[in-house]
Amino acid sequence: MKIYVLISLSYLRAYADYMETEKFRRAILQLEHLLGLSPVASIAKATDLKTCQRSLMADYLLLCGTEVMHILADGGVQAHQLNPLARSLSENRNRSEGKLF
């Protein structure tokens, strides 16, 4: 099932496809465990969130109810804004089954 059907950048499309896998769901469960212990940062070379896979992961986490903040180049922080292409497929989201978007 495709969660972001309108993504045109091939590498973001590939990451969105990866988000549909069991491997991604297991990794998210591990990340959620870490988030329960302390704040977690995800770092990437890309500075534009519109062209970075971190934005897709941030959407996923936001839909799970996790607060997501972006650290900006100037040292400021900004709350993640859900991409309008992201959507929940189930009103009763079940993270272990990955039923998000």
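# Exercises on a predicted model

Buried residues account for 33% of the 101 residues in the protein. The model is predicted. Work through each exercise with the structure open.

## Exercise 1. The overall layout

Task: state how many helices and strands the protein has, and give their order from the N terminus.

Solution.
- Step 1. Count the elements. The protein has 3 helices and 2 strands.
- Step 2. Read them from the N terminus. The order is α-α-α-β-β.
- Step 3. Turn to the contacts. Take those between residues at least 6 apart in sequence; 48% of them join residues at least 24 apart.
- Step 4. Add the surface. The protein exposes about 6800 Å², and carbon and sulfur atoms supply 55% of that area.

## Exercise 2. Helix 3 and its cover

Task: find how many residues of helix 3 are buried, and name elements that cover them.

Solution.
- Step 1. Locate the helix. Helix 3 spans residues 53-63.
- Step 2. Apply the cut-off: buried means under 20% relative accessible area. Of the 11 residues in helix 3, 9 are buried, so the helix is mostly covered.
- Step 3. List them. The buried residues are R54, S55, L56, M57, A58, D59, Y60, L61 and L63.
- Step 4. Identify the cover. It includes helix 1 (10-18), helix 2 and strand 1 (69-71).
- Step 5. Look just past the end of the helix. There G65 takes a positive phi of about 95°.

## Exercise 3. The aromatic cluster

Task: work out which residues the ring pairs link into a cluster, and describe the pairs that F24 makes with Y18 and Y60.

Solution.
- Step 1. Count the pairs. There are 4 aromatic pairs.
- Step 2. Take Y18 and F24. Their ring centres lie 5.6 Å apart, with 80° between the planes. Planes over 60 degrees apart count as edge-to-face, so this pair is edge-to-face.
- Step 3. Compare exposure. Y18 is partly exposed at 28% relative accessible area, whereas F24 is buried at 2%.
- Step 4. Move on to F24 and Y60. This pair is also edge-to-face, with 5.1 Å centre to centre and 85° between the planes.
- Step 5. Place that pair in the chain. F24 sits in helix 2 and Y60 in helix 3, 36 residues apart, and the pair links these distant parts.
- Step 6. Check Y60. Its relative accessible area is 2%, so Y60 is buried.
- Step 7. Assemble the cluster. Ring pairs link Y15, Y18, F24 and Y60.

## Exercise 4. Cysteines

Task: say how many disulfides the structure holds, and decide whether C52 and C64 are buried or exposed.

Solution.
- Step 1. Search the whole structure. The search finds 0 disulfides.
- Step 2. Test C52. At 1% relative accessibility, C52 is buried.
- Step 3. Test C64. Its relative accessible area is 13%, so C64 is buried.

## Exercise 5. A nonpolar surface patch

Task: name the residues of the nonpolar surface patch formed with L37, and give their accessible area together.

Solution.
- Step 1. Start from L37. L37 lies in helix 2 (residues 22-37).
- Step 2. Check its exposure. Exposed means over 50% relative accessible area. L37 has 61%, so L37 is exposed.
- Step 3. Collect the partners. L34 and V40 join L37 in the patch.
- Step 4. Give the area. Together the three residues have about 280 Å² accessible.

Terms used
Residues are numbered from 1 along each chain as its sequence is written. This is a predicted model: local features need pLDDT of at least 70, side-chain atom pairs count only at pLDDT 80 or more; totals for chains, interfaces and linings use all residues. Side-chain values use heavy atoms; hydrogens and water are left out. Patches are made of residues with over 30% relative accessible area and no salt bridge: like charges are joined within 9 Å, nonpolar side chains (Val, Leu, Ile, Met, Phe, Trp, Tyr) within 5 Å. Accessible areas come from the Shrake-Rupley method with a 1.4 Å probe; for residues, only the protein chains shown count as cover. A salt bridge is a side-chain nitrogen of Lys or Arg within 4 Å of a carboxyl oxygen of Asp or Glu. Helices (H or I, at least four residues) and strands (E, at least two) are DSSP runs, numbered from the N terminus. Buried means under 20% relative accessible area, exposed over 50%, partly exposed in between (1.4 Å probe, protein chains only). Contact means heavy atoms within 4.5 Å. Rings of Phe, Tyr and Trp (its six-membered ring) pair if their centres lie within 6.5 Å; planes under 30 degrees apart count as stacked, over 60 as edge-to-face and the rest as tilted. A disulfide is a pair of cysteine sulfur atoms within 2.5 Å.
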